[in-house]
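Biologist: I'm new to this and I get lost when I look at a whole chain at once. Please pick one part, take me through it slowly, and then show me what else is worth a look.

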Amino acid sequence: MRTICVCLVLYISRSIGSTWLQGVVDLGKGAFKGGIHPPDRKAATAGCPVQWAPVPARLVLPMSQHLGAPCVPTVEKGQHVGRGEVIGSVDALVSAPVHSPVDGEVTAIGPWLTTGGTRVTAVTITPDAEQDLESYVRVQADDARAIVRAAGIVGMGGATFPTMVKLMPSADTPVDTVILNGCECEPFLTCDHRLMLEMPEKVVEGARKITEIVGASRAVICLEDNKPDAVEALRRVAGDGVEVRALPTHYPQGAEKQLIWAILRKEVSHGKLPATTGALVHNVATAAAIADAIDTGRPLMERVVTVTGNVARPGNYRVLLGTLVSDLLEYAGGTVGEVGRVIAGGPMTGPALASLDVPVAKGTSGIVVLPLKDAAPRVEDDQPCIRCGRCSESCPMFLLPYAIGNYAARGDWNGAGRFNPLDCIECGCCSFVCPTNRPLVQLIRLAKAAAMLKGVKP
Ligand code: SF4
Ligand code: SF4
């Protein structure tokens with residue numbers, strides 16, 4: 001029941017269903033079955049070099065910025081901490097420690113709202129007046145995997161799965177190919193594009209390090225072909241064992257299973273892990289963070305965030321983790337015009353924020369301010385399904401979204417469960433193409449929650 005309630009909150013806050021999605025429905029052709037061509041809206045920031053956002057007056061560091069066990073604060077109120085010092089950790093394997101991004105004083109420990117809409121324990125730090133962002137407490141560990149763990153690195157494309165766990169393939173699923181995901185197929189976002197363009201050496205070095213750690217034979221860095229400058233920059237430095245592949249621009253090319261299919265022509269079977277194909281997928285920003293941690297002992301303390309939409313100065317900002325979205329938007333010149341929703345991440349999959357006083361976390365790739373006219377909720381406007389079949393045609397997971405949605409709308413969870421809702425990757429393609437505005441992703445999320453409550457395994 002608790003899971004259903006959480007899903008109901010997400011049902012309301014999801015950005016999917018916003019009217020910005022409406023327009024000419026273009027299924028296009030990609031390197032996988034299904035998918036769509038949403039308007040990319042990247043022009044406002046694609047040419048913006050990464051620049052530091054300032055140190056804010058306070059930082060709020062949630063103890064759960066990853067999938068898995070939340071950290072426990074290792075500091076106390078009133079304690080002075082150094083930049084790079086661990087402020088939260090836990091012994092569980094599937095977890096990642098949290099570090100202070102500044103020299104400063106712990107001024108509060110308590111629950112705080114996150115971008116995902118949940119409240120978790122967070123450590124608030126008031127930075128010292130003087131900061132040297134070039135200096136930090138270095139990570140100390142015996143081997144590369146332990147360094148990645150100690151540096152608190154998680155999937156920075158938004159998945160936030162602790163990276164060290166993915167670097168431990170089991171003996172029956174050895175890794176042959178490391179795939180770096182630089183597709184950035186979500187509209188509006190350009191942070192990975194700028195990272196690959198400005199720091200190609202670091203991304204390639206990350207690919208080499210991952211390949212070495214897991215004993216793979218090759219690495220393939222994948223981009224969509226709408227980033228020719230980044231493709232060229234990476235190819236200039238790639239060298240032996242690292243291939244750079246430009247794939248057709250087609251959403252959701254950056255989804256793990258679709259990427260594996262595009263590169264290896266191997267399907268991840270129902271109920272199996274992607275590792276069973278011999279592929280290991282990491283985001284390019286994660287790879288760069290791995291290279292940084294191993295080469296310089298740098299823990300994960302900041303990340304590049306695209307701030308765009310209805311803001312005065314859209315751009316790509318290097319942001320200290322824990323910076324509040326309200327402070328970041330203020331630095332970007334504030335919002336302009338009538339604001340409909342503010343979304344963390346891209347508009348296809350990111351949650352709409354319940355408050356602007358939520359902190360940028362390890363998985364926050366973007367802050368997108370949608371204008372009111374583009375963000376009007378459509379869920380009240382939905383009409384009955386007309387069985388046009390567009391949703392199933394666009395579904396990259398071969399599902400029948402209308403069937404799951406129609407059963408879920410009636411609360412018939414057994415009926416919905418017969419159509420494998422747990423295979424849904426929540427890409428939003430079905431909602432995008434539906435001519436009667438059915439809130440399909442939201443309904444499918446409810447069906448997934450119901451299936452999990454019944455103990456069905458994904
Ligand atoms: S796209 Fe919408 S109207 Fe068409 S079959 Fe799917 S749910 Fe029904
Ligand atoms: S059913 Fe899920 S995987 Fe298929 S298009 Fe809809 S959101 Fe994407």
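Modeller: Let's start with a single pair of residues: valine 304 has arginine 318, in S14, as its bridge partner. Before we go on, keep in mind that this is a predicted model, where local features need pLDDT of at least 70, side-chain atom pairs count only at pLDDT 80 or more, and totals for chains, interfaces and linings use all residues. As for the labels, residues are numbered from 1 along each chain as its sequence is written, while chains are lettered from A and ligands numbered from 1 in the order in which they are written.

Our part is strand S13, residues 302–309. (Strands are DSSP runs of E, at least two residues long, and helices are runs of H or I, at least four; both are numbered from the N terminus.) S13 is joined to strand S14, residues 315–320, by 6 bridges, and these two strands run antiparallel. They make a hairpin, with 5 residues between them. Two strands count as paired if DSSP finds at least two bridges between them.

S13 has another partner, strand S16, residues 366–371. Here 4 bridges hold the two together, and they run parallel. Try finding threonine 306, which stands opposite glycine 366 of S16. Then look at glycine 309, whose bridge partner in S16 is valine 369.

That valine 369 turns up again, because it's also the bridge partner of valine 342. The link there is between S16 and strand S15, residues 339–344: an antiparallel pair with 5 bridges.

So how many residues of S13 are buried? It's 8 of the 8, so S13 is largely enclosed by the rest of the structure. (Buried means 20 or more other C-beta atoms within 10 Å of the residue's own, exposed means 12 or fewer, and partly exposed is in between; the C-beta atoms are placed from the backbone.) S16 is mostly covered too, with 5 of its 6 residues buried.

Now for a sheet elsewhere in the chain. It's an open one with 4 strands, in the order S2-S8-S7-S4, paired antiparallel. S2 (59–62) and S4 (80–81) are its edge strands, each pairing on one side only. Between S7 (residues 104–113) and S8 (residues 119–127) there are 9 bridges. In that pair, valine 106 stands opposite isoleucine 125 of S8.

Finally, the ligands. Ligand 1 has 16 residues around it, and Cys385, Cys388, Cys391, Tyr402 and Cys434 come nearest. (A residue is near a molecule if its C-beta atom, placed from the backbone, lies within 6 Å of it.) Two helices, H12 (390–394) and H13 (401–409), each give two or more residues to this shell, and the largest share, 3 residues, is from H13.

Ligand 2 also has 16 residues around it, with Cys395, Cys424, Cys427, Cys429 and Cys430 coming nearest. Its shell draws two or more residues from each of helices H15 (429–433) and H16 (440–453). H16 gives the most, 3 residues. By type, this shell has 13 nonpolar, 2 polar and 1 charged. (Ala, Val, Leu, Ile, Met, Phe, Trp, Tyr, Cys and Pro count as nonpolar, Asp, Glu, Lys and Arg as charged, and the others, Gly among them, as polar.) For ligand 1, the split is 10 nonpolar, 3 polar and 3 charged.
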